[in-house]
Structure formats: C-alpha cells, structure tokens
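Thanks, everyone; I would like to take a few minutes to walk through one model, beginning inside one chain and ending at the contact between chains. Please have a look at it first.

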Amino acid sequence: MDFNPKIVAFCCYYCAYSAADLAGSLRLQYPPTVRMIEQPCSGKVDIRLLLEAFEDGADGVYVAGCLEGDCHFLKGNIRAKKRVNAAKKILDKIGIGGERLEMFNLSGSMGPRFAEIATEMTNRILELGPSPLRQARQAEGENREEEASK
Amino acid sequence: MIVAEAKPLEEILDSLKGMSKVLVAGCGGCVAVCLAGGEKEVGIMASALRMKRELAGEPLVTVEETLTRQCDPEYVKELGKKLDGVDCILSMACGVGVQFLAEHYPDMWVVPALNTKFAGATIEHGLWEERCGLCGECVLAQTGGVCPVIRCAKSLLNGPCGGSQNGKCEVKPNACAWQLIYDRMKSLGRLEQLVEVAEAKDWSKSRDGGPRQVVREDVKIDG
C-alpha cells in the first residue's frame, strides 16, 4: 500500500511561516506531505488543537516556533514546548504514540532548516506508518464493504 | 476555590464501559480556574476518549457542554436539553457538581472525571495549595491569617510541636505553619496575642456528623 503521510505543521508567523516563505524563494524542495497552519505564535497552540489534528486524520503533527529566547511574545515557544510534551503523554496513553508529535525551533531566516524539518518529520512518519486511528478507520471501512458485498 | 485534578484516563474509560454516547459536562467555576474541568479540558478529555475508544473498536459519541457552574440548579437545568440519547454524563466538576447532576437527573448514570482535592489557592500558574480546612469555625483572627487547622500537619491550635525544625515541618517539606504564625505576629507586633491559649476546638462544626447546612432566611425566595 502506498502511504502518503498527512502531517500538520502549526507554524509561528514570526519564524517557521517566514522560513517556509524563504524556503520557497530559495526553491528548496521538501515533501508535499506537510499542511501548514499559520499561528500568531507557537504559544497559541493548545493540547486540544494537537489532539484534534490527530482525530481529524493526521499521521503526524509538529509545532514550529522561534528559537528559545527569541519568541516575539517572550515565552510562547516555551509554553508550546510544555504543551507538546503534555500532549505526547496523552497520545501515548491513547495508543497513537507521542513520537508522532514534535516541537521544533527555528528562526525566520532558516529556510533550509524548514525544509529539513519537513523532510525529517516525513521520514519519521513514513517509518512509523499510518496513524493507528487511520488504520482502524480503514479496517472498519473494509469490514463494512465486505458486509455490504455479502 | 475548590481544586481538582483529572483522574487517570484508564479509570475514566473503565467507568464508561458499555456506554456509546456520553455527555462530557464541564464546569465554568473553580475547576475551570484550576484548569481541570473547564471548556478547554472538556475538549481535551472528549477528544482523548473518542480516539481511545475508536482504536478499541468501540466508538464513542460525545456531547460537550460546559455549564457556568454545576453547583446551582438554574445552570444544571440547562443540561436537560443535551441529554437526548445520552447513556451517561461524565462530570468534569468537583464532587459537588457530580452529585448535583446525579440529584437533578435521577434516571441518568453520572460519573466523575476528576478527583476533588481541596479548597486552595493558586501559588503560581500550575501550582495550587490547600489553604482552608473547611472546619466550620474560623480561627484565622487568632493566628494572624495563617490557618493552623490545615497548614499545620497536626492541626495544632497551640503550636508549634517539637517537629518544627529551622522553620520547616517534620511531616512535609513545607514551612511550619506555627513558624509562619509566629513570624507574622512578630512583624505585626502582636506576639502577646499568642500567649492566649486556644481552647479545645468545637469539631462538631467540622466535617463529621453528616452534611452541614447554611440557612439564610433573608435571601430565601420560596417559603
């Protein structure tokens, strides 16, 4: 089965989002698996948002915020990191796996690093395979089809 | 405020076994302030439960509703509109809210999502500490605003005990409540007040002997 991971990236406007722009201007290639969601600050991201991304079908999720000490709102990225860690624990308990969620830090001038992160995360998810939730939904769909054909 | 914290997910899942539609009821009062059972926590809990149950092959439908408070009848009534097809209410309020929902919806199975811990205050964001023992007869005027009933590990009214060492309690790493009382009285020039011996406390006003009531005839509407 071909697996095209769905990865959601919550990107801070002041760094990752600009870095993505720069990566584009530099004509850098990165996998088309990443869906970016612009945030006013990585600190805007809360646990509910992260869980719901998985619930809505993401195989992997990451939050990209400014380098530590460089947050435009002083501590947003530190708060995001704590929330990501808390959400990882919940994902472990649920059975989705905390390793499918990650926090990255970069600056607006790090276009190549943005592409690198997208590749790194895509490779990680490719290795882990589809989210258990996606697998469960697929199995459920196949069961229903089988029953319908009977 | 009443401080609570979430029960382990496994315990909650266990109490929801066999249920297919659950109303996750939040409370906008104390538990929202201590980040345990407000609207956001309801969303996180509901999402986690749905995913876990879906992975187990037993999908769960959730209805999310956060009341202004779960300890007042006028707000609890609102929940009635949301109960269509619901098998169970998972209350994310303190023990008061859980019981109030159970009382108001006698046909509905109500389970708690939180462990109610204590009446406390926010020391810093993410840290809450007990401040009131709900003993029913406040002694703070005699102890300079530091409660020996709950902050002293032995609830001594004429402290400190011999376990007060370098200002610390021998039971927990907290400051000795009686050290705090002494320091505060000293700084306010009221040390002589501590010479007065506190008589045995009337514990009949405290938590044993069934639920206590406060009655205010002047504010009653009916009767």
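Let me start with B:S91, which is buried, with a relative accessible area of 0%. I should say at once that this is a predicted model, and that everything I quote is computed from it. In chain B, this serine belongs to strand β4, which covers residues 88–91. Its side chain reaches the backbone nitrogen of B:A93 at a distance of 3.2 Å. If we leave aside residues up to four places away in sequence, B:S91 touches, among others, B:A25, B:Q70 and B:G97, together with a run that includes B:V110, B:V111, B:P112, B:A113 and B:L114.

Now to the cysteines, where one might ask how many disulfides the structure holds over all chains. The count is zero, and two cases show why. In chain A, the sulfur of A:C12 has its closest cysteine sulfur in A:C15, at 3.6 Å, and because a disulfide needs the two sulfur atoms within 2.5 Å, that distance is too far for a bond. A:C12 is itself buried, its relative accessible area being 2%. In chain B, the sulfur of B:C147 lies 6.2 Å from the closest cysteine sulfur, that of B:C135, and this is again too far for a bond. B:C147 is buried as well, with a relative accessible area of 9%.

That brings me to the interface, in which 16 residues of chain A are in contact with 14 residues of chain B. Between them the two chains bury about 1,400 Å², of which 63% is on carbon and sulfur atoms. Which three residues supply more of the area that chain A buries against chain B than any other three? They are A:R48, A:E55 and A:I94, and their share is 44%.

A:E55 comes up again when we turn to charge, since its side chain meets that of B:R50 in a salt bridge, at 2.4 Å from N to O. Between chain A and chain B the count is four salt bridges, and there are six residue pairs in polar contact, both residues being at pLDDT 80 or more.

As for the elements on the side of chain A that touches chain B, those giving two or more residues are α2 (47–55), α3 (76–94) and α5 (132–149) of chain A. The most comes from α2(A), with six residues. Sorted by class, that side of chain A has nine nonpolar, one polar and six charged residues.

Key
Residues numbered from 1 in each chain as written. Chains lettered and ligands numbered in written order. Predicted model: local features only at pLDDT ≥ 70, side-chain atom pairs only at ≥ 80, totals over all residues. Heavy atoms only, no water. Contact = heavy atoms within 4.5 Å. Buried area = accessible area lost by both parts, 1.4 Å probe. Polar contact = N/O pair within 3.5 Å; in protein donor to acceptor, adjacent residues only side chain to side chain. Helix = DSSP H or I, 4+ residues; strand = E, 2+ residues; numbered from the N terminus. Nonpolar A, V, L, I, M, F, W, Y, C, P; charged D, E, K, R; others polar. Buried < 20%, exposed > 50% of the residue type's maximum accessible area, 1.4 Å probe, protein only.
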